[in-house]
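Work through the exercises below with the structure open beside you. Try each task before reading its solution.

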Amino acid sequence: MSYATLQEPIAIGALPLKNRTVMSSLTRNRATDKAVPTDLMIEYYTQRAQGGVGLIMSEGTIVSPQGVEWTNVPGLWSKEQVKQWKKITDAVHANGSLIVAQLWHVGRVAHPDLPLQKAFGPVSAPSPVSARGGWFRTLKSGYVAPEHEVADPSVLVEEFRQAAINAKEAGFDGVELHGANGYLIAQFLDPMSNVRTDKWGGSLENRARFLFDVMDAVLSVWPADRVGVKLNPIGGYNDMGVNDEETVKDFSYVINGYIPSHSLYKFFPDALTCGSAVERRLAYIQLVRWTGEEFFNPKYDGKFRVNTKLDVLDTFGPLVVNSSSHTKLLLNGEISGPEAEKLVESGKVDAVVFGRPFINNPDFIHRLFTGLPMNEDLGLPNNPHTFYHGDNDDSEGYTNYPAAALPN
């Protein structure tokens with residue numbers, strides 16, 4: 001397969017991608033205990049940049065110590081972290097790719113007994129409502145309810161703004177807000193995890209306020225054409241999700257200010273002032289589609305957290321593609337190479353985000369475009385056991401997968 005359309009260059013905002021492929025944020029837990037990127041991470045990102053991908057999204061990068069769910073994930077709140085990230089961004093640029101920082105805060109799914117929480121303060125969350133499930137292997141514990149709601153969410157907004165400043169100093173090409181997978185931004189939007197009665201909760205406009213305020217904080221640092229947002233409208237991960245009708249209403253409003261009525265989308269009266277993602281002229285919106293994978297839709301009491309008939313791309317894609325020439329649409333979610341080519345060729349999406357294939361194929365895009373066999377076809381499949389740590393050292397399952405041998 002030629003992948004002619006996927007190989008075409010594209011401008012995503014101010015980001016000139018050499019092709020329409022994007023490496024997804026992949027949590028790999030190779031930072032130090034103080035959330036500082038390591039030299040091993042420089043090697044990892046260098047390998048992926050050398051492999052031909054158009055844009056790299058950093059792994060989820062925590063904006064404050066209280067926003068950490070696991071140990072050994074990197075942050076962007078200290079000078080030491082900025083210094084190490086600068087080495088990574090320089091390496092990515094030297095090898096022909098671009099990189100954006102995914103700004104992340106996990107909110108209620110942090111644990112108060114983790115080292116950084118104990119050192120820097122209690123878990124920050126919209127409401128003292130626990131997510132079900134979860135497992136902290138170092139604590140032998142699942143999720144617990146936050147002690148209380150964060151009194152002033154604008155403090156958390158400021159943490160995102162400072163992380164955006166640090167991302168610019170670290171040499172990133174832009175930033176992405178992690179608004180998916182049941183983390184802090186999604187927790188404010190979801191009426192099951194946000195039961196506040198102040199201006200940050202209750203109505204859809206109030207529940208969306210935190211996301212929009214974070215957007216504005218980041219846009220005070222970066223131009224809109226270097227800012228994106230990741231949204232996962234459907235998913236039970238981290239005990240999140242509402243019914244289909246509420247999902248369509250909430251995410252339509254966030255994406256472009258529309259609220260659906262029956263089978264039609266009618267313009268919401270306050271849309272001119274709600275300042276949706278499209279109206280803010282963001283560089284892109286990354287949608288994560290529903291795959292039904294149990295990892296992202298766990299069972300509670302023997303039942304899957306979410307049952308849905310919605311197609312994320314068909315439902316929300318037109319709200320981006322038909323509403324904006326400046327905000328591009330990226331799609332993520334177990335997409336194969338041939339499907340990616342068809343999606344881009346059809347005009348349904350502007351670029352495609354691939355994830356796990358990059359774990360065991362550092363040069364995944366090069367192999368895809370040239371037809372070289374993938375490592376899994378050569379007896380080197382992904383090993384979930386080393387996704388987050390190595391057995392003997394952290395290079396195992398991280399930087400020790402070989403690139404393809406080029407033909408003579």
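## A salt-bridge network

R207, E246, K249 and D250 are linked in a network of salt bridges. The model is predicted. A search of the whole structure finds 15 salt bridges.

**Exercise 1.** Take the salt bridge between R207 and D250. Find the elements that hold the two residues, and decide whether each is buried or exposed.

Solution.
- Step 1: start with the distance. The closest N and O atoms of R207 and D250 are 3.2 Å apart. The cut-off for a salt bridge is within 4 Å.
- Step 2: place the residues. R207 belongs to helix α6 (residues 204–207) and D250 to helix α8, so the salt bridge ties together parts that are 43 residues apart in sequence.
- Step 3: check accessibility. R207 and D250 are both buried.

**Exercise 2.** Locate D239 and R132, whose side chains meet in a salt bridge. Which parts of the chain does the pair link?

Solution.
- Step 1: the N to O distance between D239 and R132 is 3.1 Å.
- Step 2: the pair links distant parts of the chain, 107 residues apart. D239 sits in the loop between β8 and α8 (244–256), and R132 in the loop between α3 (115–120) and α4 (154–169).
- Step 3: apply the accessibility cut-off. Buried means under 20% relative accessible area. D239 has 9%, so D239 is buried. R132 has 39% and counts as partly exposed.

**Exercise 3.** How are D90 and K86 placed relative to each other in helix α2?

Solution.
- Step 1: D90 and K86 form a salt bridge, with their closest N and O atoms 2.8 Å apart.
- Step 2: count along helix α2 (residues 79–94). The two residues are four residues apart, so about one helical turn separates them.
- Step 3: read the accessibilities. D90 is partly exposed at 38%. K86 is also partly exposed, at 32%.

## Strands and their neighbours

**Exercise 4.** Are the faces of strand β7 covered, and which strands does β7 pair with?

Solution.
- Step 1: six of the six residues in β7 (residues 174–179) are buried.
- Step 2: split them by face. G174, E176 and H178 lie on one side, with V175, L177 and G179 on the other. Both faces are covered.
- Step 3: find the partners. Strand β6 (residues 98–104) runs parallel to β7 and is joined to it by four bridges. Here A101 stands opposite V175.
- Step 4: five bridges join β7 to strand β8 (residues 227–231), again in parallel. L177 has V229 as its bridge partner in β8.

**Exercise 5.** Trace the chain from β14 to β15. What is the sense of the pairing between these strands?

Solution.
- Step 1: strand β14 (residues 328–332) and β15 pair in the parallel sense over three bridges. N332 has V353 as its bridge partner in β15.
- Step 2: the chain passes from β14 through helix α11 (residues 337–346) to β15, a right-handed β-α-β crossover.
- Step 3: β3 also pairs with β15 in the parallel sense, over three bridges. M23 stands opposite F354.
- Step 4: look at the faces of β15 (residues 351–354). A351 and V353 on one side and V352 and F354 on the other are all buried.

## Positive phi in loops

**Exercise 6.** Where is N181, and what is its phi?

Solution.
- Step 1: N181 lies in the loop between β7 and α5 (184–189).
- Step 2: its phi is positive, about 60 degrees, although N181 is not a glycine.
- Step 3: N181 has 13% relative accessibility, so it counts as buried.

Conventions: Residues numbered from 1 in each chain as written. Predicted model: local features only at pLDDT ≥ 70, side-chain atom pairs only at ≥ 80, totals over all residues. Heavy atoms only, no water. Buried < 20%, exposed > 50% of the residue type's maximum accessible area, 1.4 Å probe, protein only. Pairing = 2+ DSSP bridges. Right-handed = clockwise from strand over helix to strand, strands pointing away.
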